[in-house]
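Open your viewer and get ready to click along. At each stop you will be told what to select and what to look for there.

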Amino acid sequence: MSITQERTAEQELPYDVFSRACPSRGTLEHVTGRWGALTLGALYEGSFRFNELRRRVDGVSEKMLAQTLHALERDGLVHREAQPTNPPRVDYELTALGREVAGRLIALIECLEGRMDEVLASRERYDDARRTPAV
């Protein structure tokens with residue numbers, strides 16, 4: 001493919017996350033931010049009530065989880081189901097799109113978890129090299 005053909009093909013793309021004005025950037029940020037990725041990963045396991053989800057995503061505050069869920073719901077990745085009970089019951093689950101995105105995140109999470117020995121060894125080598133005075 002020539003450079004001209006590549007540029008033409010790129011211009012035909014409806015969205016380009018590398019473009020500052022592209023709306024996909026916001027969604028990418030919601031999905032790949034610490035709490036978004038962990039929330040989607042947890043919801044991949046099934047439906048959760050708010051406090052169950054907060055316990056599953058260890059370390060997230062109520063405020064951050066609420067903001068994360070609102071953003072993911074707005075992006076169409078999470079469905080919020082309010083039950084008309086007393087006290088009110090609210091469940092969160094992934095939409096079809098959310099399930100697809102979360103599945104890809106789970107693959108990344110599993111890859112990282114499976115290679116953490118290498119990552120930790122690399123960190124140690126890096127840190128050791130930075131501590132050693134240059135000769």
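**Stop one: two helices that touch**

Select His30, Val31 and Thr32 in helix H2, then add Arg34, Gly36, Ala37 and Leu40 in helix H3: these two groups meet, where contact means heavy atoms within 4.5 Å. The residues of this contact divide into three nonpolar, three polar and one charged. Here Ala, Val, Leu, Ile, Met, Phe, Trp, Tyr, Cys and Pro count as nonpolar, Asp, Glu, Lys and Arg as charged, and the others, Gly among them, as polar.

Before moving on, know that this is a predicted model, where local features need pLDDT of at least 70 and side-chain atom pairs count only at pLDDT 80 or more, while totals for chains, interfaces and linings use all residues. Residues are numbered from 1 along each chain as its sequence is written, and side-chain values use heavy atoms, with hydrogens and water left out.

Now show H2 (residues 24–32) and H3 as cartoons: their axes come within 4 Å and cross at roughly 65°. That makes H2 roughly perpendicular to H3, a label for angles of 65 to 115 degrees. Axes are lines fitted to C-alpha atoms, for helices over the stretch in contact, with angles from 0 to 180 degrees between N-to-C directions. Helices (H or I, at least four residues) and strands (E, at least two) are DSSP runs, numbered from the N terminus.

**Stop two: the sheet**

Next, select the three strands of the open sheet, which has the order S1-S3-S2 and antiparallel pairing. Strands S1 (48–49) and S2 (78–83) are the edges, each pairing on one side only. Two strands pair if DSSP finds at least two bridges between them; S1 and S3 (residues 89–94) have two. To find one bridge, click Phe48 and its partner in S3, Tyr92. Helix H3 (residues 34–43) packs on this sheet and touches S1, S2 and S3.

**Stop three: charged pairs**

How many salt bridges are there? The count comes to six, each being a side-chain nitrogen of Lys or Arg within 4 Å of a carboxyl oxygen of Asp or Glu. Select Arg56 and Glu45, whose closest N and O atoms are 2.6 Å apart. Arg56 lies in helix H4 (residues 50–56) and Glu45 in the loop between H3 and S1.

Finish with Arg89 and Asp91, at 3.0 Å, N to O. Which of them is buried, and which partly exposed? Arg89 is partly exposed at 33% relative accessibility, whereas Asp91 is buried at 11%. Buried means under 20% relative accessible area, exposed over 50%, and partly exposed in between (1.4 Å probe, protein chains only).

Definitions and conventions: Angles under 35 degrees count as roughly parallel, over 145 as roughly antiparallel, 65 to 115 as roughly perpendicular and the rest as oblique.
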